[in-house]
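Colleague: I am new to this structure and would like to learn how to read it. Please take me through it one feature at a time.

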Amino acid sequence: MVETAATKSRESVGETQIGGCEVRLDQVSKQYTQGKEQVVALDKLSIEVKAGEFLAVMGASGSGKSTLLNLVAGLDKPSQGDIFLDGRAISSWKDNQLTLFRRRKIGFVFQLFNLIPTLSAEENAALPLLMAGQHRSIWQPQVSDWLKRVGLESRHKHYPAELSGGQMQRIAIVRALIHHPSLVLADEPTGNLDSKTGDQMLFILKEITEDLGVTVIMVTHDPMVAAYGHALITLKDGRILDSAAR
Ligand SMILES: Nc1ncnc2c1ncn2[C@@H]1O[C@H](COP(=O)(O)OP(=O)(O)OP(=O)(O)O)[C@@H](O)[C@H]1O
Ligand SMILES: [Mg+2]
């Protein structure tokens, strides 16, 4: 295995587990009620992503892509159907089990970044490690390596309001990878980046996740970005319009 910032830092936190999480959706529907209106965000969606696979998700605005990621992360619950992570139906998990699983095993790049405004760039990037109670002296060198890697070595102490959209996006990507999750859910992770920086970030994402066998589900509007996946699905009105494997 090539020694990367991720493998190095995994050794330094004494974590040994490598491998991805298997994700399965069985006839999952999600309706939102807004006043008297009902919106069908997902409609009997069945998907299987094997451990270590990289699934790209495309589809027009409003087709259900972010809803899909939120449900897989357990941030929201399906109206019908069930989602299985490593074979376990998440409906059967207690809330605190799901929270812990999410914190330790899932890396989420949110469409709107969701950085914490009162934390600096390096603290935002280190958030999963901070939440795990890791001391600054341990996480700081790792975060420093990462920030250099994504071209933000001079932005450690900046707060989100002092960063550009693309810089926030890169911090959000580091935050999703730094704790070596087994599942990365990324909602348009390159949407705010120029094509060269976007390619660099995808390269890093692919390298790290392939190295560690991480499962990735990535939403994108860009067919060139979707080509990074092992498989591609296109959603329309919460259903699969098209699917392709490579
Ligand atoms: N909390 C909510 N309450 C009501 N309706 C919602 C809610 N969240 C999403 N929706 C609706 O569900 C549908 C799917 O939304 P979703 O955010 O999953 O779309 P998307 O494919 O991610 O779109 P985009 O490409 O614009 O990000 C949309 O019609 C949206 O208006
Ligand atoms: Mg979305």
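Colleague: Is Ser-66 buried, partly exposed or exposed?

Modeller: Begin with the cut-offs: buried means under 20% relative accessible area, exposed over 50%, and partly exposed in between, with a 1.4 Å probe and protein chains only. Ser-66 has a relative accessible area of 24%, so Ser-66 is partly exposed. This is a predicted model, in which local features need pLDDT of at least 70 and side-chain atom pairs count only at pLDDT 80 or more, while totals for chains, interfaces and linings use all residues. Residues are numbered from 1 along each chain as its sequence is written, chains are lettered from A and ligands numbered from 1 in the order in which they are written, and side-chain values use heavy atoms, with hydrogens and water left out.

Colleague: Which residues coordinate the magnesium ion (ligand 2)?

Modeller: Donors are N, O and S atoms within 2.8 Å of the metal (3.2 Å for Na, K and Ca); water is not among the atoms, so sites may look incomplete. Here the magnesium ion (ligand 2) is coordinated by OG of Ser-66 and OE1 of Gln-111, at 2.0 to 2.3 Å. The two residues are 45 residues apart and link distant parts of the chain: Ser-66 is in helix H2 (residues 65-72), Gln-111 in the loop between strand E6 (106-109) and helix H4 (121-125). Gln-111 is partly exposed because its relative accessibility is 38%.

Colleague: How are helices and strands assigned, and how many of each does the chain have?

Modeller: They are DSSP runs, numbered from the N terminus: helices are H or I with at least four residues, strands are E with at least two. The chain has 9 helices and 10 strands. In H2, 6 of the 8 residues are buried, among them Lys-65, Leu-68 and Val-72.

Colleague: Which residues that are not glycine have a positive phi?

Modeller: Most residues other than glycine have a negative phi. Glu-188 has a positive phi of about 50° and is found in the loop between strand E7 (183-187) and helix H8 (195-212). Asp-237 also has a positive phi of about 50°, in the loop between strands E9 (231-236) and E10 (239-245). Glu-188 is buried, at 16% relative accessible area, whereas Asp-237 is exposed, at 52%.

Colleague: What radius of gyration does the chain have?

Modeller: The radius is taken over C-alpha atoms, and the globule rule is 2.2 Å times the number of residues to the power 0.38. For 246 residues a compact globule would have a radius near 18 Å, and the chain has 18 Å, which agrees.
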